[in-house]
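Got your viewer open? Let's take a walk through this model, one selection at a time.

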Amino acid sequence: MIVEDYQYPADEFLLLGRITRAHGLRGEVKVFLHSGQPENIRSYGHLFLIDRHGELSGPWPVLRSRNQGKLAIVQLASLTCRDQAEAMEGRGVLLAKADLPEIPADEYYWHQYIGKEAVDVAGRILGKVEHIFRNGLQDVLVLRKLGSDEEILVPMTKEIIVGETAGKLIVDPPPGLLELNAGS
């Protein structure tokens, strides 16, 4: 997982990705999105940009976007030439959490789980959700054991993630899952 080093108010914004480079002559930019789903950027009305010094700019209305492999090619309002687009290279692309589309009750956004503590059904702490990735079939939680470099990979299924509170996920791991992660 690529971890970007941008300073922004994480309680208000989500880091979607970063502008990798200018595209074409009319001010379009190529955006690498951490979700791996470049088509999602079409549903956002406007974005914010953040530089490495923490300077936030926007909102930038999204005029249009299209996919190019794992990237999105995006036209932001007021970017009308290649020079302007090149000046945006390396900036983080943020979305205000308030602008997230509504989702059904049985779905979730990854940011809702990152940072939560995971405990098993007996209440033993397994670790904190450090990040999430998609393995092609399902989302997988990456738990970091507290005070350790050890990771535990937990598939995000209804059979394994059996409950949730404001700060915790309750995990009912199948036999052998925790031992498999420990390398035994």
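**Stop one: a pocket.** Start with the second largest pocket, which has a volume of about 360 Å³. Keep in mind that you're looking at a predicted model. To get your bearings, select Asp 106, Tyr 108, Tyr 113, Met 156 and Lys 158: of the 17 residues that line this pocket, these lie nearest its centre.

Which strand gives the largest share of the lining? Select residues 161-164 and you'll have it: that's strand β11, and four lining residues come from there. Now try colouring the whole lining by residue type. You should end up with seven nonpolar residues, six charged ones and four polar ones.

**Stop two: a lysine on the inside.** Next, select residues 28-33, which make up strand β2, and pick out Lys 30 in that strand. Is Lys 30 buried or exposed? It's buried, and yet it has no salt bridge. Go looking for a partner and the nearest side chain of opposite charge turns out to be Glu 28, 9.6 Å away. A salt bridge would need a side-chain nitrogen of the lysine within 4 Å of a carboxyl oxygen, so that distance doesn't qualify.

So who does keep Lys 30 company? Skip its neighbours within four places in sequence, and you'll find Lys 30 in contact with Arg 18, Ile 19, Thr 20, Arg 21 and His 23, and also with Gln 68, Leu 71, Ala 72 and Ile 73. Show those as sticks to see the surroundings.

**Stop three: an arginine on the outside.** Now jump to Arg 124, in the loop between β7 (117-120) and β8 (125-134). Why does Arg 124 count as exposed? Because its relative accessible area is 53%, and the cut-off for exposed is over 50%. Leaving out residues up to four places away in sequence, Arg 124 touches Ala 118 and Val 119.

Fancy using the distance tool? Click the C-alpha of Arg 124 and then that of Gly 17: they're 34 Å apart in space, and 107 residues apart in sequence.

**Last stop: zoom out.** Switch to a cartoon view and count two helices and 12 strands. Following the chain along its sequence, you meet β-β-β-β-β-α-β-β-β-β-β-β-β-α. The C-alpha trace spans about 60 × 35 × 30 Å along its principal axes.

Finally, colour by burial: 40% of the 184 residues count as buried. And if you draw the contacts between residues at least 6 apart in sequence, 51% of them join residues at least 24 apart.

Technical notes:
Residues are numbered from 1 along each chain as its sequence is written. This is a predicted model: local features need pLDDT of at least 70, side-chain atom pairs count only at pLDDT 80 or more; totals for chains, interfaces and linings use all residues. Side-chain values use heavy atoms; hydrogens and water are left out. On a 1 Å grid over the protein atoms alone, a cavity is a set of points where a 1.4 Å probe fits but cannot get out, and a pocket is an open set with protein on both sides within 12 Å along at least five of seven lines; lining residues have an atom within 4 Å of a point. Grid points are joined across faces, edges and corners, and a volume is the space filled by probe spheres set on the points. Ala, Val, Leu, Ile, Met, Phe, Trp, Tyr, Cys and Pro count as nonpolar, Asp, Glu, Lys and Arg as charged, and the others, Gly among them, as polar. Buried means under 20% relative accessible area, exposed over 50%, partly exposed in between (1.4 Å probe, protein chains only). Lys and Arg count as positive and Asp and Glu as negative; His and the chain ends are not counted. Contact means heavy atoms within 4.5 Å.
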